[in-house]
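Student: I would like a close look at a single part of this model, namely the chain in the middle of the discussion and the surfaces through which it meets its partners. Please take the surfaces one after another and keep the account connected.

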Amino acid sequence: MGEFFQNLVNALQYGSFLALIALGYSMVYSILMLFNFAHGDIFMVGAYIGFGIATLLVTLASFGALALPGWLILVLTIIISMFLTSFVGMLVERIGYRPLREAPRASAAITGLMIGIILETGNLALLGAKRVSFPALIESATYDIGGVFVTNKKIMIVFVSIILTLALHQFVTKTKWGMAMRAMAFDYLVVPLMGVSINTIARLTFAIGSALAAAAGILYGVAYPVLEPYMGIIVGWKAFVAAILGGRGSILGAALAGFLLGFIEIFVAMIFPSTFRDLIAYSIVLLILVFRPHGFFGEPYSAKLRL
Amino acid sequence: MQDTIEQTHPPHVTFWRKVKTLFVKIPLLGWIVGAIVAVLVERLVGSGFASGLGLTKEPALFGLLIILKTPSLIPGALLYVLLIYMLPTVAVAWATALFANRIAALLLKKHILIAVLVHLGLLYVVLHFWADISGYRAHTLKLALIAIMVTLSLNIINGYMGEFSCSHPGFMALGAYTSSVFTLSLFTDHRFFGSAVLPEALGPFLFPIGLILGGLVAALGALIVAIPSFRTRGDYLAIISLAFMFIVKSMIENMEFVGGPRGLSGQPRWADLTTIFIWTVISIWIINNFVRSTLGKALNAVRDEEMAANSMTVNTRRTKITAFLFAAFWAGVAGGLLAHVLQYVNPSTFGIQKLAEVLAMVYFGGLNSVYGSIVGAVSITVLGEALRPLEIFKWIIIPLILILVMIFRPPGLIAFKEFDVRRILQPRNTPKKEVKDDAA
Amino acid sequence: MRRGLLIGIICCLAVGLIFSGCGKKEEPKIKIGFNIPLTGDIPKVGEGSKFAAEMFKADINSAGGLKVGDKSYQLEFIYEDNESKAQSATAAALKLITQDDVLAIIGPQSSKQAVPSGEICNANKTPMISPWSTNPNTTKDRPYVFRGCFLDPFQGPVAANFATEEFGAKKAAVLFDVASDYPKGLAEFFKGAFEKIHGSGSVAAFETFTTKDRDFSAQLTNIIKSDADILFTPQYYDEVPLIVKQARELGWTKPILGSDSWGSAELMNLCGDDCKGSFFSTHYAAAGAKGATKEFIDRYKEKYGYVPDDVGALTWDSIRLLVQAIQNTGGLTGDLQKDRDAIKDQLAQIKDFAGITGNMTFTPDGDPVKCAVIVKISQAGDFEFYKSVCPQ
């Protein structure tokens, strides 16, 4: 039984990352109906920016110039990195997506894929082949709760991701900008006629999605402190699966699907030989889509689909 | 009106137009004959000429490698390309234009099949002599031809049917492994499959059966994606196909009898240029006929508006399933050929990277177009090789080129264009409508 | 306009001829190709190989070149990126062989590229040395293909014996990447050897993940539940810190044992205190190294700022092996094929070659017989020599 709860904790942490990254995917996907295949790499860039800021602050602190406690550095890092990475997202939108708004959707997906490759290779060319270690900002503490090991990092990661998810949900459902976004998702042809600029909404969508990716990147760095240029690929594709699985137009759905995918992977590895993890986990995903062809919360397709 | 437009052109535009009119009268046959002369010239004097220009060897890929690697040799490389390839090709093509036109007309009058076979035969001669100069050229050419097959087959689903399928590496893997197991178990003494069952001399003749088997297994696998596609479309189908790719990869990793992640090696060397050329031609021929048939038009109908297609008596289910199985079959054959060219397969070859590569080829070349697939596959393969001297920056330049193509020609370079064999082969001495259109 | 074009062409011709005139007078060169992953999954491996090669080249060329027979040659190294892909590696090998006319090729490093490239090199009768590939298929039945490292069937039992003798382990757990052939091969040989000693079932947990996974918590939970005495994880240095840290966080306090893929200076930067006290089997110990090994490490560190990875040292040794074989030919004929054959013959005959990663003699398959070293990660974070295990 202890094993079950232990894996529950494990799955919560792993699912948090998939959920946070899936949120960014889902934003772009639900509102602009685009696949942003560069998202996994924006996540990587966010982690690296976070690494840079954290290293800078830690160095400053060690010189006594700006003696901040670790947790404050972490909070600052997350905030600044989210801010900076949102510009990366807007840049990606400007270069790769805006010129292609009238083009087939798949073409925009390809530009996203290519921007992703440029970000990876650019990182490799700039920083070299060295892996970097994300600085340990908070002292790791492990609590043994009846045979279940929980660390303070895990708790923090799960909390932060849930808070960010809920905040995004509030933003989208309660604010005026959120309403504009939902309207855009509902009908991207009519809404611009109502005086809402599609460019602004697109920029905002990418910015928010990228900021969330940056937050995920930093938390990822805290949990798995080895950063490398290709770190976003596999997580990115898995989050893409989660975002679509959640259903179009459902941001909370994407987050839930992210957690679900995390649970599937972890528990398949627990119950079956872990060798078969991918095989079984993705067979489950496939089956889910066979029986729920529009994801968990998605609406059936309308004829407006631009392919 | 026409005149005023003509006058506003700057002089170099009219110059190029003049150059163009010089060449519009040359049929494809003329160009191929010219190319034959060029490769023969290269064969005869190429290496001597190259060393005279200060190059160590005949440039492999039209001098591109040299230009990027040692800038001081740029004039030499350019001169080589100019004098060995361009000059003979253009001169011979131009000189024989009249004659070639007559032959082309004659051939077409006989039967289109004869015309096609003659053209292909001559084209093969060009490729053979060009590739014969170095093993590297031959290898690049083989990879390019295989890439054409893969790209075309993916274009059926992503271009003609308008889905976003991510499962092609999975189909290739199935084909590659099936045909490898076929050849390794029957014709060679292999660690996993015991001693040879049949004499090796039979191998090259039975090799096509192995490839077809590979294609069939891939088609069988495609059912897993095709059946959900009845109810699921678009993005959700993309996920199903992506999951399929992960499943295939993970499955092969767990199959110890095909070597797991270590892969299979030692496939016999039967995938030579001739074999691959023939298979590629067959695939282009059949796929082109497929997409121009009623079924192919039904695919377009499904893409543009499934509901309407259904009500117009298009059997959407049958259409979708045929398209998937057909595309997967060719991907499987291509995978089998690739395994025998590399003489090695492993599951990690058929992952996300391969997917990105194949998608890039399809969208670079152009959706819904056989032309486009050929152009996309060849240019990405050649670029991938030619930009090697840039080392790491190769993977910045290639994506940049793709982004630019996407921005300026969103559906790809040559999208939505019919591949009409008769029109390609026809003589050009009589002014045709297209020519006029071009000039206007 | 047309006249301009004509003038341009003529200028081009003239410049070309002038250039071709000066390009002629060159000193004799020995060209060696490198088929290494500069991009893709493991760019660090390519970088380490390239740095070691650059250092070697600078040494030889600044000393007036390599003396073969009675002639001196400058070394020319050509680096081709194989993008860590099998397809690209074969194309790179063919380019080096047929286009650049290299005498021999060093690399590819990992088996998934070395196996197909080995086939190409063998078919084209060009000597190839893979410094790092541990898959038996790389050199099997290929007279032209050699390697610079020991194989998994040797290293697996070394680790199993060490676990038994040093820690008195009765039950072991293994965690490895199922999609990558090096860890998988080694994990299986370890399992075989350990179960031979302690009976079947003594490997209580045999857990896997997939390349690029960063979360191993489910597998580690299983391992902890299995009550094993030791964890063997033959993973690459960038995954090891994550495995070790997550294991500690989940309450694993028992020893962790690794393999030669741990042997990178980056391991300690990434891992910090958590890896200290662990052991791994490898080709050489950087801390406390003596003689040529120390000299290599010190110079590399001075030049590039970090202690070389094992792949750097193995590449260095492979180049030296090749150069030794070239010198043993007693003089190059200038006929490419003859020279390549001669180098292959000389490579096969090399006996007791004193490499910085140990002494080497090639078996008929082209695999070296060499000793493994068990290294302990000290409290100062150095890789200290612990003991040496040689094949019987």
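Tutor: What follows treats chain B through its contacts, beginning inside the chain and then moving to its partners.

The model is predicted, and local features are therefore taken only where pLDDT is at least 70. The domain assignment divides chain B into domain 1, residues 2-132, and domain 2, residues 135-423, and the C-alpha centres of these two domains lie 30 Å apart. Where they touch, domain 1 of chain B contributes 21 residues and domain 2 of chain B contributes 19 residues. About 1800 Å² is buried between domain 1 and domain 2 of chain B, with carbon and sulfur atoms giving 79% of that area. On the side of domain 1, Leu61(B), Leu68(B) and Tyr124(B) supply 29% of the area buried against domain 2, more than any other three residues.

The polar side of this internal interface can be listed briefly. One salt bridge is counted between domain 1 and domain 2 of chain B, and six residue pairs across the same interface are in polar contact, both residues being at pLDDT 80 or more. Helix 4 (64-69) and helix 7 (112-132) of chain B each supply at least two residues of the domain 1 side, and helix 7 of chain B gives the most, with ten residues. By class, the residues on that side of domain 1 divide into 17 nonpolar, one polar and three charged. In chain B, the side chains of Glu42(B) and Arg137(B) meet in a salt bridge, with N to O at 2.9 Å.

Turning to chain A, 48 of its residues are in contact with 38 residues of chain B. The area buried between chain A and chain B is about 3900 Å², and carbon and sulfur atoms give 81% of this. Ile110(A), Trp237(A) and Leu286(A) supply 15% of the area that chain A buries against chain B, more than any other three residues. Between chain A and chain B the count of salt bridges is zero, while four residue pairs are in polar contact, both at pLDDT 80 or more. Helix 4 (105-127), helix 8 (232-246) and helix 10 (277-291) of chain A are the elements that give two or more residues to the side touching chain B, and the largest share, 15 residues, comes from helix 4 of chain A. That side of chain A has 35 nonpolar, ten polar and three charged residues.

The interface with chain C brings 50 residues of chain C into contact with 46 residues of chain B. About 4200 Å² is buried between chain C and chain B, of which carbon and sulfur atoms give 57%. Within chain C, Gln87(C), Lys95(C) and Gln99(C) lose the most area to chain B, together 15% of what that side buries. Seven salt bridges are found across the interface of chain C and chain B; Glu357(B) forms a salt bridge with Lys85(C), whose closest N and O atoms are 3.8 Å apart. The same interface has 13 residue pairs in polar contact, both at pLDDT 80 or more. Among the elements of chain C that each supply at least two residues to this side are helix 1 (2-22), strand 3 (71-81) and helix 6 (181-198), whereas helix 3 of chain C gives the most, with ten residues. The residues on that side of chain C divide into 21 nonpolar, 14 polar and 15 charged.

Notes:
Residues numbered from 1 in each chain as written. Chains lettered and ligands numbered in written order. Heavy atoms only, no water. Contact = heavy atoms within 4.5 Å. Buried area = accessible area lost by both parts, 1.4 Å probe. Salt bridge = Lys/Arg side-chain N within 4 Å of Asp/Glu carboxyl O. Polar contact = N/O pair within 3.5 Å; in protein donor to acceptor, adjacent residues only side chain to side chain. Helix = DSSP H or I, 4+ residues; strand = E, 2+ residues; numbered from the N terminus. Nonpolar A, V, L, I, M, F, W, Y, C, P; charged D, E, K, R; others polar. Domains from an automatic or database assignment.
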